[in-house]
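Welcome! Here is a set of short exercises, each followed by a worked solution. Keep the structure open beside you as you go.

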Amino acid sequence: MQRIAALFVLTFLPYPAQAQKSTPPVPPAQVAQEVHAWRVGNEDRIVRELIEFLTIPDAASDTPNIQRTAARLVELLEARGIETHVFPIAGRGPVVFGKLITPEAARTVIFYSHYDGQPVDPAAWMSGKLFEPALFTKAIEGGGKQIPFPRGHSGRPGVYEDEWRIHARSTPGGKSSIVMLLAALDALRARNIPLAVNLKVIFEGEGEAASPNLERTLGLHKNLLDGDLLLMLAGPLDSSGQPVVTLAMGDAHLSEKIVGVVEGAAGPAARVPVPENNMPARVFANLGLPIAGVAIVNSHGHDNKDNEYVRLGELWRALEVYGALLANLKW
């Protein structure tokens with residue numbers, strides 16, 4: 001693990017501090033194109049980072065492993081130069097908080113996700129190995145076949161098809177969203193696209209267990225939680241495959257800004273209210289933060305069920321949407 005951590009520290013240099021200019025942000029469609037161009041040459045690294053994260057068991061009640069997951073998450077954040085704090089919870093995974101300041105940015109956006117997964121019965125899985133990621137050519141029920149993960153050779157990156165699926169516990173959920181958000185930072189840095197906002201992240205280890213300690217834990221650290229918007233990275237696409245933007249705010253201008261950025265990067269998006277029973281949303285509402293969500297994972301990925309998966313095409317679209325949000329949420 002120490003060798004792997006050292007490798008990632010060398011691979012991901014801190015995001016450079018860039019002063020905001022008077023020129024408008026790079027348009028969402030152009031950001032998506034730039035992120036796409038970067039991703040094509042970096043799919044091996046992105047997928048490798050994701051599958052390494054997925055191999056750590058992540059049930060909230062599995063104390064040793066959920067704390068291992070949190071420790072790996074801290075490594076991923078710090079490798080990007082993100083100032084990181086760990087808010088401990090006895091016997092559970094901590095809330096992991098990160099901050100990346102953009103000089104002269106007028107707004108702060110807090111991204112929320114979770115890094116735990118719901119417990120499931122290993123016997124219901126095709127292999128019984130929930131935390132050994134496997135690559136399939138398409139959906140298993142559609143005749144998908146398992147294939148090895150591509151490896152680059154002779155300086156050429158491995159090639160991944162959009163229809164391929166990564167099967168493992170937690171693939172459609174928080175872990176994929178977290179890795180894509182961090183990869184979006186890498187892409188913007190590599191393409192010299194500045195962030196439009198100060199970035200904060202809140203990643204919890206009990207999101208699939210009804211977040212019983214989130215409000216109390218965040219309440220002890222309110223001094224770090226000032227921001228202008230809370231964006232939840234969770235939930236599936238709608239049945240037609242469109243991204244979903246969930247909204248829980250009375251600021252029509254900000255709502256239209258978020259939808260406009262998502263649609264500029266990825267095409268039409270469905271708009272829905274944040275569900276009333278969404279526990280993280282209720283916690284953040286009590287903290288006085290405007291709330292929205294962006295859902296980008298596949299709608300048929302067996303989310304929280306046996307044999308769950310994520311389709312690579314949705315991962316790549318998430319990468320482009322997150323990049324556009326980071327570069328364009330200026331209001």
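**Exercise 1. Find out whether Ser211 is buried or exposed, and what marks its backbone.**

Step 1. Keep in mind that this is a predicted model. Ser211 has a relative accessible area of 3%. Buried means under 20%, so Ser211 counts as buried.

Step 2. Find its place in the chain: Ser211 sits in the loop between β7 and α6 (214–219).

Step 3. Turn to the backbone. Most residues other than glycine have a negative phi. The phi of Ser211, however, is near 50°, a positive value.

**Exercise 2. Work out where Glu104 lies and how its surroundings are described.**

Step 1. Locate Glu104 in the loop between β2 (95–100) and β3.

Step 2. Look at its backbone: phi is near 70° for Glu104, a positive value in a residue other than glycine.

Step 3. Check its accessibility. The relative accessible area of Glu104 is 65%, and the cut-off for exposed is over 50%, so Glu104 is exposed.

**Exercise 3. Describe the protein as a whole: its helices and strands, its buried share and its contacts.**

Step 1. Take the secondary structure: there are nine helices and 12 strands.

Step 2. Consider burial. Of the 331 residues in the protein, 54% are buried.

Step 3. Consider the surface. The protein exposes about 13700 Å², and carbon and sulfur atoms supply 54% of that area.

Step 4. Look at the contacts between residues at least 6 apart in sequence: 81% of them join residues at least 24 apart.

**Exercise 4. Describe the largest pocket and its lining.**

Step 1. Start with its volume, which is about 670 Å³.

Step 2. Now the lining, to which 33 residues belong. Those nearest the centre of the pocket are His114, Ala234, Gly235, Asn278 and Pro280.

Step 3. Ask which elements give two or more residues to this lining. They are β3 (108–114), α5 (174–190), β9 (244–248), α8 (279–286) and β11 (291–295). The most comes from β11, with three residues.

Step 4. Sort the lining by residue type: 17 are nonpolar, 13 are polar and three are charged.

**Exercise 5. Follow three salt bridges and state where their partners sit and how buried they are.**

Step 1. Begin with the overall count: the whole structure has 17 salt bridges. Side chains of opposite charge can pair when their charged atoms come close.

Step 2. Take Arg191 and Glu34, whose closest N and O atoms are 2.8 Å apart. This pair links distant parts of the chain, with Arg191 in the loop between α5 and β7 (198–204) and Glu34 in helix α2 (residues 28–40), 157 residues apart. Arg191 is partly exposed at 34% relative accessibility, and Glu34 is partly exposed at 22%.

Step 3. Go on to Lys175 and Asp58, whose side chains meet in a salt bridge of 3.1 Å, N to O. Lys175 belongs to helix α5, while Asp58 is in the loop between α3 (43–54) and α4 (63–79), 117 residues away in the chain. Lys175 is buried, with a relative accessible area of 1%, and Asp58 is buried too, with 1%.

Step 4. Finish with Arg169 and Glu308, where the closest N and O atoms are 1.8 Å apart. Arg169 lies in the loop between β6 (165–167) and α5, and Glu308 in the loop between β11 and β12 (309–311), 139 residues apart. Arg169 is buried, at 1% relative accessible area, and Glu308 is buried, at 0%.

**Exercise 6. Trace a network of salt bridges and look around one of its members, Glu163.**

Step 1. Name the members. Salt bridges with shared partners join Glu163, Arg165, Arg311, Glu314 and Arg317 into one network.

Step 2. Place Glu163 in the loop between β5 (146–147) and β6. Its relative accessibility is 40%, so Glu163 counts as partly exposed.

Step 3. List its contacts, leaving aside neighbours within four places in sequence: Glu163 is in contact with Thr137, Lys138 and Arg311.

Step 4. Compare sequence and space for Glu163 and Ala139. The two are 24 residues apart in sequence, and 8.6 Å separates them in space, C-alpha to C-alpha.

How values were computed: Residues numbered from 1 in each chain as written. Predicted model: local features only at pLDDT ≥ 70, side-chain atom pairs only at ≥ 80, totals over all residues. Heavy atoms only, no water. 1 Å grid on protein atoms, 1.4 Å probe; cavity = no way out; pocket = protein on both sides within 12 Å on 5 of 7 lines; lining within 4 Å. Points joined across faces, edges and corners; volume = space filled by probe spheres on them. Helix = DSSP H or I, 4+ residues; strand = E, 2+ residues; numbered from the N terminus. Nonpolar A, V, L, I, M, F, W, Y, C, P; charged D, E, K, R; others polar. Buried < 20%, exposed > 50% of the residue type's maximum accessible area, 1.4 Å probe, protein only. Contact = heavy atoms within 4.5 Å. Areas by Shrake-Rupley, 256 points an atom, 1.4 Å probe, with all protein chains shown as cover. Salt bridge = Lys/Arg side-chain N within 4 Å of Asp/Glu carboxyl O.
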